[in-house]
Amino acid sequence: MQGFDPPAREAGYASPGFPGGGAVSLGGPSGALPSSSSMPTGSMEQPTNSLQGRCTLDEPVTETIMRDLRSIGTKLKYVMLPRARADRAHGLREWDLWGPLVLCLALGIMLSMQAEDSNQASLAFALVFVIVWVGSGIVTLNALLLKGKISFFQSVCVLGYCIFPLVIAAFCSMLLQVIWLKAIFVIVGFTWSTGASVGFMSELLPEDRKALGVYPVWLFYVSIAWMILIT
């Protein structure tokens with residue numbers, strides 16, 4: 001009977017179960033471990049962003065104020081500079097109500113200062129708040145009913161920031177106190193405010209409903225301009 005020859009074992013491997021067997025070797029023919037340069041390396045740490053996950057409650061008050069002021073300045077830049085509207089008011093899409101509140105207060109104070117007595121001053125200040133906030137809310141609801149792609153506070157933010165040219169017109173009128181110059185200032189401010197707001201609102205309304213959405217915007221600024229003119 002012919003003897004059985006076991007198959008040859010691969011180099012670098014020795015089974016501990018056979019006589020003369022040694023320890024298992026993970027290397028190649030020479031028994032050497034692979035170098036660290038050939039082994040895959042990586043890190044379990046995720047890349048972090050310096051601003052991501054940062055709590056703004058822990059930042060200094062001055063830094064918070066400066067960040068808000070820079071945001072307000074960016075939005076006012078869009079309103080006043082037509083060239084800044086090339087990005088279709090990307091900055092105004094990040095809404096806030098601080099800017100509209102400050103502009104509304106400034107306009108109300110300037111109109112109340114030009115009133116003849118305290119009763120008319122209180123009435124002028126209250127009318128500014130009613131027209132700006134209630135009027136912008138009505139214009140926004142109209143845009144939403146027309147299937148406009150805009151949020152409520154975003155629209156109020158845009159309409160509030162776009163009264164900035166009319167605030168400048170009211171300030172110049174208060175300083176000069178000349179009726180024909182006042183009319184010029186108000187007309188220029190009204191045209192500037194309407195152009196800035198309509199350019200933004202028309203981008204968010206359906207093509208066949210833009211006129212229905214833009215007309216209330218025009219009435220909104222007409223009422224503010226008329227109030228400045230007769231004060």
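**A colleague's note on an all-helix model**

1. Let's start with Tyr221. Setting aside neighbours within four places in sequence, Tyr221 is in contact with Val158, Leu159, Cys162, Ile163, Leu166, Phe190, Ser193, Thr194 and Ser197. Please keep in mind that this is a predicted model. Several of these partners come back below.

2. Now the overall picture. The chain has 7 helices and 0 strands, so its pattern along the sequence reads α-α-α-α-α-α-α. Of the 231 residues in the chain, 32% are buried. Among contacts with a separation of 6 or more, 70% join residues that are 24 or more positions apart. The chain exposes about 15,200 Å², and carbon and sulfur atoms supply 66% of that area.

3. Next, the core. The largest nonpolar core has 42 residues, and those touching the most other members are Leu107, Ile163, Tyr221, Ile224 and Ile228. At least two residues of this core come from each of helix 1 (61–80), helix 2 (98–113), helix 3, helix 4 (152–161), helix 5 (164–176), helix 6 (179–201) and helix 7. Which helix gives the largest share of this core? Helix 7 does, with 7 residues. As general background, nonpolar side chains in soluble globular proteins tend to be buried together.

4. Helix 6 is worth a slow look. Its 23 residues should span 33 Å at 1.5 Å a residue, and the end C-alpha atoms are 32 Å apart, which agrees. Buried in helix 6 are Lys182, Val186, Gly189, Phe190, Ser193, Thr194, Ala196, Ser197, Val198, Phe200 and Met201. What covers the buried residues of this helix? The cover includes helix 1, helix 3, helix 4, helix 5 and helix 7. Coming back to the opening point, Phe190, Ser193, Thr194 and Ser197 of this buried set are also among the contacts of Tyr221.

5. Just ahead of helix 6 there is a residue to check. Gln177 lies in the loop between helix 5 and helix 6. Gln177 has a positive phi of about 55°, although it is not a glycine. For context, most residues other than glycine have a negative phi. Is Gln177 buried or exposed? Gln177 counts as exposed because its relative accessibility is 56%, and the cut-off for exposed is over 50%.

6. Gly213 makes a good stop in helix 7 (residues 210–230). At 1% relative accessibility, Gly213 counts as buried. Beyond its neighbours within four places in sequence, Gly213 is in contact with Asn142, Leu146 and Leu205. The C-alpha atoms of Gly213 and Thr140 are separated by 8.9 Å, although these two residues are 73 residues apart along the chain.

7. On to the aromatic rings. How many aromatic pairs are there? The count comes to 5. One of them joins Phe125 and Phe129, a tilted pair with 5.3 Å centre to centre and 40° between the planes. These two phenylalanines are 4 residues apart in helix 3 (residues 118–145), so about one helical turn separates them. Phe125 is partly exposed at 29% relative accessibility, and Phe129 is partly exposed at 24%.

8. Another pair joins Phe152 and Phe153, and this one is edge-to-face: 5.5 Å centre to centre, with 90° between the planes. Phe152 counts as partly exposed at 34% relative accessibility, and Phe153 is partly exposed too, at 41%. Elsewhere, ring pairs link Phe190, Tyr215 and Trp218 into a cluster. Phe190 is a name you have met already: it is buried in helix 6 and is in contact with Tyr221.

9. Finally, the cysteines. A search of the whole structure finds 0 disulfides. Why is Cys157 not bonded to Cys162? The sulfur of Cys157 is 8.8 Å from its closest cysteine sulfur, in Cys162, and that is too far for a bond, because a disulfide needs the two sulfur atoms within 2.5 Å. The view from Cys162 agrees: its closest cysteine sulfur is the one in Cys157, at 8.8 Å. Cys157 is buried, with a relative accessible area of 0%, and Cys162 is likewise buried at 0%. This closes the circle, as Cys162 is one of the contacts of Tyr221.

Terms used
Residues numbered from 1 in each chain as written. Predicted model: local features only at pLDDT ≥ 70, side-chain atom pairs only at ≥ 80, totals over all residues. Heavy atoms only, no water. Buried < 20%, exposed > 50% of the residue type's maximum accessible area, 1.4 Å probe, protein only. Contact = heavy atoms within 4.5 Å. Areas by Shrake-Rupley, 256 points an atom, 1.4 Å probe, with all protein chains shown as cover. Phe/Tyr/Trp six-rings, centres within 6.5 Å; stacked < 30°, edge-to-face > 60°. Core = buried A, V, L, I, M, F, W, Y, C linked by side-chain atoms within 4.5 Å. Expected span 1.5 Å × (residues − 1).
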